[in-house]
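This report introduces a protein structure to a reader who has not met it before. Please look over the sequence and the structure shown below before reading on.

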Amino acid sequence: MVITKNLANHLEETEIKMFESRLNAIKEIQDNALGVEVGQFGGAYAFAIKNIPGPSYNVVKGDSFSSENTIDKILSFYRAREIPARIDLAPQYANATSLQQLHNAGLYQSDFHATLYCELNEEMVGKTKDSFIKIR
């Protein structure tokens with residue numbers, strides 16, 4: 001199945017909104033005791049939780065290349081909070097220029113994440129080969 005750029009953008013935007021909603025809910029707990037912050041740099045969203053180390057919540061999503069020096073601004077955001085930066089690079093933003101910018105900033109690929117999409121039809125709903133997987 002070929003995923004169009006519009007669909008890829010929609011899936012990326014949906015993931016960003018879900019993540020932002022989750023972090024805003026955490027931020028409201030105990031007067032933001034965990035140190036949640038969300039920075040926006042052009043089309044990129046930098047999510048940070050100072051008191052939860054690691055890449056799960058401290059991540060950049062979206063278009064990190066929407067304007068000049070965006071990568072530098074994002075890295076400064078994380079340096080100021082003493083949190084390692086991690087950028088999730090969606091395929092629609094990967095090209096020779098963006099990969100070179102990441103390399104020049106000292107960043108490299110260290111992991112892989114995929115979002116899968118499929119339009120459901122009536123035959124698929126409720127029918128799976130694996131009882132652990134439920135399609136709704």
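In what follows, contact means that heavy atoms lie within 4.5 Å. The structure is a predicted model.

## Helix α2 and its two sides

Helix α2 comprises residues 70–80, and Thr70, Ile71, Ile74, Leu75, Phe77 and Tyr78 within this helix are buried. These residues lie on the same side of α2 because they cover an arc of only 150° around the axis. An α-helix has 3.6 residues a turn, so residues three or four places apart point the same way. On the other side of α2, Arg79 and Ala80 are exposed.

The cover over the buried residues of α2 includes the strands β1 (36–41), β2 (43–49) and β3 (59–63), together with helix α3 (96–104). Phe77 offers a detailed example: leaving aside neighbours within four places in sequence, Phe77 is in contact with Glu37, Gly39, Phe41, Ala46 and Ala48.

## The nonpolar cores

The largest nonpolar core has 16 residues, of which Ala46, Val60, Ile71, Ile74, Phe77 and Tyr78 touch the most other members. Two elements, β2 and α2, give two or more residues to this core. The greatest contribution is that of α2, with five residues.

There is also a second, separate core of nine residues, including Val36, Tyr45, Phe47 and Val59.

## The largest pocket

The largest pocket has a volume of about 1100 Å³. It is lined by 35 residues, and those closest to its centre are Ile87, Asp88, Leu89, Ala90 and Asp111.

Helices α1 (5–27) and α3 each supply at least two residues of the lining of the largest pocket. The largest share, five residues, comes from α1. Sorted by class, the lining consists of 18 nonpolar, 10 polar and seven charged residues.

## Two residues with positive phi

Most residues other than glycine have a negative phi. Against this background, which value does the phi of Asn32 take? Phi of Asn32 is positive, near 60°. Asn32 is placed in the loop between α1 and β1, and Asn32 is partly exposed, with a relative accessible area of 23%.

Glu82 also has a positive phi, in this case near 55°. Glu82 follows α2 and lies in the loop between α2 and α3. Is Glu82 buried or exposed? At 68% relative accessibility, Glu82 counts as exposed, because the term applies over 50%.

Terms used: Residues are numbered from 1 along each chain as its sequence is written. This is a predicted model: local features need pLDDT of at least 70, side-chain atom pairs count only at pLDDT 80 or more; totals for chains, interfaces and linings use all residues. Side-chain values use heavy atoms; hydrogens and water are left out. Buried means under 20% relative accessible area, exposed over 50%, partly exposed in between (1.4 Å probe, protein chains only). Helices (H or I, at least four residues) and strands (E, at least two) are DSSP runs, numbered from the N terminus. The arc is that of the directions from the helix axis to the C-beta atoms. A nonpolar core is a set of buried Ala, Val, Leu, Ile, Met, Phe, Trp, Tyr and Cys residues joined through side-chain atoms within 4.5 Å. On a 1 Å grid over the protein atoms alone, a cavity is a set of points where a 1.4 Å probe fits but cannot get out, and a pocket is an open set with protein on both sides within 12 Å along at least five of seven lines; lining residues have an atom within 4 Å of a point. Grid points are joined across faces, edges and corners, and a volume is the space filled by probe spheres set on the points. Ala, Val, Leu, Ile, Met, Phe, Trp, Tyr, Cys and Pro count as nonpolar, Asp, Glu, Lys and Arg as charged, and the others, Gly among them, as polar.
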